[in-house]
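Reader: I am new to reading protein structures, and I would like to go through this one with you. Could you show it to me?

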Amino acid sequence: MEWLVIGYIGLILLTVVTILNRKYVTFYPYVKTLTSTTFLVAALIHHSTFFWVTTVVFCYFLGDVLLACANRGQKKLLFFAGMLSFAFGHILFIGYWMDSPSQLILLIGCSLILSALLIKIILRLNLNLKAMVLPVQGYLIILLTLFLLSFIQMPRFYTIIVILFFSSDIFLVFWYFKPGVHRWVKVINVILYFSAVGLLAFLG
């Protein structure tokens, strides 16, 4: 398992180098898929009898591969499929830790309000959402529900994981929808995201 951790860290560094390379579009899907495969293998080894973690991690793996191939959202079908895969993983995450239906309704209500505020902020920052406003807001509602739930229901270890996921998605929004943004935005997104899913797969 130690060698898998070392390999995972090495592949994250390779992913960062690939992002900063001029031939990013050509190589990135392959490198990102290889890195994602590593955390999936780690989850299957470390959580072979823990169906919840392996299923969630598989959803993230699938979403990761689809978004990596979507070429910054230019391939809309792959982008939507990747976003749905991540959303389903988050829903499984919520379902495992949710205490009661009334708690879920309350959290979704709060998330609706917060997502509307976030969308307003995003539009004020001149992010080019266009027809993606509703899908992004739907995803935000799910992510915010998970975010709020992590503070009231989960052990702090999982709260940290969710905070990393949330932070990575903030940078991802800028990467996909802010024209001319620097590649370091994607680098930060990748580091935060792989830290989150790595903690879940290797230690969760």
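Reader: Which helix holds Val31?

Author: This is a predicted model, and we can start with the contacts of Val31. Leaving out residues up to four places away in sequence, Val31 touches Leu14, Thr15 and Thr18. The place of Val31 itself is in helix α2.

Reader: Is Val31 buried or exposed?

Author: Buried means a relative accessible area under 20%. Val31 has 12% relative accessibility, so Val31 counts as buried.

Reader: How far apart are the C-alpha atoms of Val31 and Phe86?

Author: Along the chain, Val31 and Phe86 are 55 residues apart. In space, their C-alpha atoms are separated by 19 Å.

Reader: Which residue forms a salt bridge with Lys32?

Author: The count for this model comes to 1 salt bridge. Its closest N and O atoms are 2.8 Å apart, which fits the limit of 4 Å. The partner of Lys32 is Asp64.

Reader: How many residues apart in sequence are the parts that this pair ties together?

Author: Asp64 lies in helix α3, while Lys32 lies in helix α2. The salt bridge therefore ties together parts whose separation in sequence is 32 residues.

Reader: Are Asp64 and Lys32 buried or exposed?

Author: The cut-off for buried is under 20% relative accessible area. Asp64 has 3%, so Asp64 is buried. Lys32 has 4%, so Lys32 also counts as buried.

Reader: Let us stay with helix α3 and look at Val57. What is the distance in space between Val57 and Ala201, C-alpha to C-alpha?

Author: Val57 has 0% relative accessibility and so counts as buried. Not counting residues up to four places away in sequence, Val57 touches Phe39, Leu40, Ala43, Leu200 and Ala201. Val57 and Ala201 are 144 residues apart in sequence, yet their C-alpha distance in space is 6.9 Å.

Reader: Leu200 was in that list. Which residues does Leu200 touch, not counting those up to four places away in sequence?

Author: Leu200 is one of the residues with the most contacts inside the largest nonpolar core. Val57 is among its contacts. The full list is His47, Trp52, Val53, Val56, Val57, Tyr60, Phe93, Tyr158 and Ile161.

Reader: How many residues does the largest nonpolar core have?

Author: The residues with the most contacts inside this core are Phe39, Tyr60, Phe93, Phe177 and Leu200. The elements that give two or more residues to the core are α1, α2, α3, α4, α5, α6, α7 and α8. The number of residues in the core is 67.

Reader: What is the volume of the largest pocket?

Author: Residues line this pocket, and those closest to its centre are Ser168, Asp169, Leu172, Val173 and Tyr176. The elements giving two or more residues to the lining are α2, α3, α4, α5, α6, α7 and α8. The pocket's volume is about 650 Å³.

Reader: Which element gives the largest share of that lining?

Author: The lining has 38 residues, and they divide into 28 nonpolar, 4 polar and 6 charged. The largest share is 11 residues, and it comes from α7.

Reader: Which residues does Ser111 touch, not counting those up to four places away in sequence?

Author: Ser111 is found in helix α5, and its relative accessible area of 0% means that Ser111 is buried. Ser111 and Leu140 are 29 residues apart in sequence and 7.8 Å apart in space, C-alpha to C-alpha. The residues that Ser111 touches are Ile141, Leu144, Thr145 and Leu148.

Reader: Is Asn126 buried or exposed?

Author: Asn126 lies in the loop between α5 and α6. Its phi is near 60°, a positive value in a residue other than glycine. The cut-off for exposed is over 50%. Asn126 has 59% relative accessibility, so Asn126 counts as exposed.

Reader: How far apart in space are Arg183 and Tyr24, C-alpha to C-alpha?

Author: Arg183 is in helix α8, and at 28% relative accessibility Arg183 counts as partly exposed. Tyr24 is among the residues that Arg183 touches, together with Ile19, Leu20, Asn21, Arg22 and Trp175. Arg183 and Tyr24 are 159 residues apart in sequence, and their C-alpha distance in space is 9.9 Å.

Terms used: Residues are numbered from 1 along each chain as its sequence is written. This is a predicted model: local features need pLDDT of at least 70, side-chain atom pairs count only at pLDDT 80 or more; totals for chains, interfaces and linings use all residues. Side-chain values use heavy atoms; hydrogens and water are left out. On a 1 Å grid over the protein atoms alone, a cavity is a set of points where a 1.4 Å probe fits but cannot get out, and a pocket is an open set with protein on both sides within 12 Å along at least five of seven lines; lining residues have an atom within 4 Å of a point. Grid points are joined across faces, edges and corners, and a volume is the space filled by probe spheres set on the points. Helices (H or I, at least four residues) and strands (E, at least two) are DSSP runs, numbered from the N terminus. Ala, Val, Leu, Ile, Met, Phe, Trp, Tyr, Cys and Pro count as nonpolar, Asp, Glu, Lys and Arg as charged, and the others, Gly among them, as polar. A nonpolar core is a set of buried Ala, Val, Leu, Ile, Met, Phe, Trp, Tyr and Cys residues joined through side-chain atoms within 4.5 Å. Buried means under 20% relative accessible area, exposed over 50%, partly exposed in between (1.4 Å probe, protein chains only). Contact means heavy atoms within 4.5 Å. A salt bridge is a side-chain nitrogen of Lys or Arg within 4 Å of a carboxyl oxygen of Asp or Glu.
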